[in-house]
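Trainee: I have a new structure open and don't know where to start. Can you walk me through it?

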Amino acid sequence: MVIEFSKYQGLGNDFILIDNRHAAEPIITPEQAIAICDRHFGIGGDGVIFALPGKASTDYSMRIYNSDGSEPEMCGNGIRCLAKFIADLEANTEVNKSYQIDTLAGLIVPKLENNAEVTVDMGEPELSAPKIPTTLAGIEGKVIAQPLEVADRTWLVTTVSMGNPHCITFVEDSVAIALEQIGPLFEHHPVFPQRTNTEFIEVVKPDYIKMRVWERGAGITLACGTGACASVVAGVLNNQCDRLCTVELPGGCLQINWSATDNRVYMTGPASEVFRGQYSL
Ligand code: ZDP
């Protein structure tokens, strides 16, 4: 079978986009996604994203497989790429066009800006420990700066769900973190029954933080949109940063705004097509 694909990236978080508008289920399997995402034997990518038909009140549905074949609920950089991909499929050039997208984390609304950026209404963060999910016992059901033993060290972690689970730790020097060794230990820690994405945050100033991420199912990536949102929420809860904050990731910067008015998180950043082609499965 030969499939048509487009490759997109947002801050170097790269995805293979599939036009799946004609079928309700993804046309490739998680096993095929693993093969396609391989950077030496396949196209290469952090995940595969499908543009599926919408539900009654939505324009489209998004599904995503991580590069290890697991299926996350949501993907922040990915949904910016999806919005651009859909606009290309529809040949839509309307400025400020927004799409109602159904995801496994509920309704998410990306809006195309006129400067090649996309702003996404990422919804409200979830702080309740069982809903992250984590078995860590927090204060009033929330895990904010709670101790967690990993690699013979006690880390003060904050957990936030942006539809998918995140475990955030504030550190003095994010570069000094041995992400490749420590990331998997957080991801697979027994206190996270659905595994977790893991972010290490260095606060440069209240409106500018640096983040390094170990992604569940994808490992070290250059950026993570849901992770940037979760990190600003964690920063506000720990009195470390402002609600309006720039997050610097290895692949570039995202603007995050955790609105005090409606409790929703808005993320603005770039997304662009890199190439398109055909792949033989
Ligand atoms: O939750 C997970 O398993 C993540 N690996 C999903 C992907 C998140 C992503 N990096 C983002 O930008 O939100 C795509």
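Mentor: One term before we begin: helices and strands here are DSSP runs, numbered from the N terminus. Also keep in mind that this is a predicted model.

Trainee: Fine. Where is proline 133, then?

Mentor: Proline 133 is in the loop between β7 (117-121) and β8 (146-150). A cis peptide bond joins proline 133 to isoleucine 132, with omega at about -5°.

Trainee: What is usual for peptide bonds?

Mentor: Most peptide bonds are trans, and most residues other than glycine have a negative phi.

Trainee: What about the phi of leucine 11?

Mentor: Leucine 11 has a positive phi of about 55°, though it is not a glycine. The loop between β1 (2-10) and β2 holds leucine 11.

Trainee: Switching to the ligand. Which residues come nearest?

Mentor: There are 16 residues around the ligand, and the nearest are Cys75, Gly76, Glu215, Gly225 and Thr226.

Trainee: Which classes make up that shell?

Mentor: The shell has 8 polar, 6 nonpolar and 2 charged residues. Domain 1 (2-121 + 270-280) and domain 2 (129-263) each supply at least three residues to the shell.

Trainee: And what do the ligand's oxygen atoms sit next to?

Mentor: One ligand oxygen is 2.8 Å from a side-chain N or O atom of arginine 216. Polar backbone atoms come in too: an oxygen of the ligand is 2.9 Å from one in asparagine 77, and a ligand oxygen is 2.6 Å from one in glycine 225.

Trainee: How much of the ligand does the protein bury?

Mentor: The protein buries 99% of the 370 Å² that the ligand exposes when taken alone. The space the ligand takes is the largest cavity.

Trainee: Which elements give two or more residues to the shell?

Mentor: Those are β2 (13-19), α2 (76-89) and α4 (225-237).

Terms used. Residues numbered from 1 in each chain as written. Predicted model: local features only at pLDDT ≥ 70, side-chain atom pairs only at ≥ 80, totals over all residues. Heavy atoms only, no water. Near = heavy atom within 4 Å. Polar contact = N/O pair within 3.5 Å; in protein donor to acceptor, adjacent residues only side chain to side chain. Areas by Shrake-Rupley, 256 points an atom, 1.4 Å probe, with all protein chains shown as cover. 1 Å grid on protein atoms, 1.4 Å probe; cavity = no way out; pocket = protein on both sides within 12 Å on 5 of 7 lines; lining within 4 Å. Sits in = over half its atoms within 2 Å of the grid points. Helix = DSSP H or I, 4+ residues; strand = E, 2+ residues; numbered from the N terminus. Nonpolar A, V, L, I, M, F, W, Y, C, P; charged D, E, K, R; others polar. Domains from an automatic or database assignment.
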